[in-house]
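Please read the following walk through the structure with the model open beside the text.

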Amino acid sequence: FVHLANEFLARSRGLASADAGLPVELDEQRGLRERSEFRFHEFIELAQPASPLRHAADLALGAMRAHSVIAADAHEFLDRLLQTNSERVRNDLEHRVAESRRQLEAWICAVLRQLIQVAERALTRARTAHAEGAAAVNLSLQKLAAAAIELACLSEGSWEPVP
């Protein structure tokens, strides 16, 4: 999107005058405009036993070599941690993309507003030049008509100055 916006701005700059005051192109390498606000959840409070009784049960399971129960709890904890953090990464990325798009759209709208102002100023100058040109052309046509009458009079042999 940034590349397309920069191409549009470059074409617009070619049409506008040097004093149009169009903004500089965006840095295409910058990527997302919005900073990430993502923070990992550690859920350490879930990894610690909820009560002294649960702590004693974990110690007993370890002593009895019932590692499958402990491993199942660990896998459940890691699944929850991975699920939660991956969801948060996805949400953060979606937020950053949406906000970056909003900023790019605002920048494009600002450039378009500037281009409209440039075009309006150019149209005003063109209308002024046209109006001035039309009056000058009419004056020249009147002079040419007067000269044609004088020539016609001279060719007939009568000389009467034309006012």
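Arg102 is partly exposed at a relative accessible area of 44%, a class lying between buried, under 20%, and exposed, over 50% (1.4 Å probe, protein chains only). This is a predicted model, in which local features need pLDDT of at least 70, side-chain atom pairs count only at pLDDT 80 or more, and totals for chains, interfaces and linings use all residues. Residues are numbered from 1 along each chain as its sequence is written, and side-chain values use heavy atoms, leaving out hydrogens and water.

The side chain of Arg102 meets that of Glu99 in a salt bridge (2.5 Å, N to O), the term standing for a side-chain nitrogen of Lys or Arg within 4 Å of a carboxyl oxygen of Asp or Glu. Because they are 3 residues apart in helix H4, the two are separated by about one helical turn; helices (H or I, at least four residues) are DSSP runs numbered from the N terminus. Glu99 counts as buried, at 19% relative accessibility.

The whole structure holds 4 salt bridges, among them one between Glu105 and Arg101, whose closest N and O atoms are 3.8 Å apart. Another joins Glu94 and Arg90 (2.8 Å, N to O), and these two residues belong, with Glu87, to a network of salt bridges.

Helix H4 also contributes to the largest nonpolar core, which has 7 residues, Val2, Ala5, Leu9, Leu104, Trp107, Val111 and Leu115, where a core is a set of buried Ala, Val, Leu, Ile, Met, Phe, Trp, Tyr and Cys residues joined through side-chain atoms within 4.5 Å. Helix H1 (2-15) and H4 each give two or more residues to this core, with the largest share, 4 residues, coming from H4.
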